[in-house]
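Please examine the sequence and the model together before reading on. The paragraphs below proceed from the chain as a whole to a single residue.

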Amino acid sequence: MVAEPVEQARARLVPSATTLLGLLKHVTWMQRVWFEECIGGTPRLELGLVQSPEASFQLADDDTIANVTAAHRQACAAARAAVADLPLDAVVTGHPAGPRTLQWVYLQVLRELAHHCGHADILREQILAR
């Protein structure tokens, strides 16, 4: 019997809380932290974001593929809007460790996305092997 896509996306296949849907929820959180908090200057609490990366993987009962994907698309649109008029060498000040350039933020986000794409690929392989 083949599992439904939502069951596959929520499946815990490793000891951690990492799931395919949780990864998408986390990278959505991560993008909002970097672009809306670090660049936009709005604190996580005001954005309604959980405070820690670990908590950003946690799925709520009402998290679906559709609403987590929609949230990711909204985060991408907000990120594009936040940087639309900024040059790569613009200095942003919303990072707790101090000022960063936009170029540094882009590289950090790309590193995070690449890292988590590797996790997603491993989970995808496990699901397909079932």
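A residue is called buried when its relative accessible area is under 20%, exposed when that value is over 50%, and partly exposed in between. The model shown here is predicted, and by this criterion 35% of the 130 residues of the chain count as buried.

The secondary structure consists of 6 helices and 2 strands. Followed along the sequence, these elements appear in the order α-α-α-α-α-β-β-α. Along the principal axes, the C-alpha atoms of the chain occupy a box of roughly 55 × 25 × 25 Å. Contacts within the chain also link distant parts of the sequence: of those between residues at least 6 apart, 66% join residues at least 24 apart.

The surface may be considered next. The chain has an accessible surface of about 7900 Å², and carbon and sulfur atoms account for 59% of this area. As for charge, the chain carries 11 positive and 14 negative charges, and the mean positions of the two groups lie 3 Å apart.

Attention may now turn to one residue, Ala90, which is located in the loop between α5 (65-83) and β1 (91-92). Is Ala90 buried or exposed? Its relative accessibility is 12%, and Ala90 therefore counts as buried. Which residues does Ala90 contact, apart from its neighbours within four places in sequence? They are Arg100, Thr101 and Leu102. For one of these, Arg100, the separation along the chain from Ala90 is 10 residues, while the C-alpha atoms of the two residues are 8.3 Å apart.

How values were computed: Residues are numbered from 1 along each chain as its sequence is written. This is a predicted model: local features need pLDDT of at least 70, side-chain atom pairs count only at pLDDT 80 or more; totals for chains, interfaces and linings use all residues. Side-chain values use heavy atoms; hydrogens and water are left out. Helices (H or I, at least four residues) and strands (E, at least two) are DSSP runs, numbered from the N terminus. Buried means under 20% relative accessible area, exposed over 50%, partly exposed in between (1.4 Å probe, protein chains only). Contact means heavy atoms within 4.5 Å. Accessible areas come from the Shrake-Rupley method with a 1.4 Å probe; for residues, only the protein chains shown count as cover. Lys and Arg count as positive and Asp and Glu as negative; His and the chain ends are not counted. The place of a charge is taken as NZ of Lys, CZ of Arg, CG of Asp or CD of Glu.
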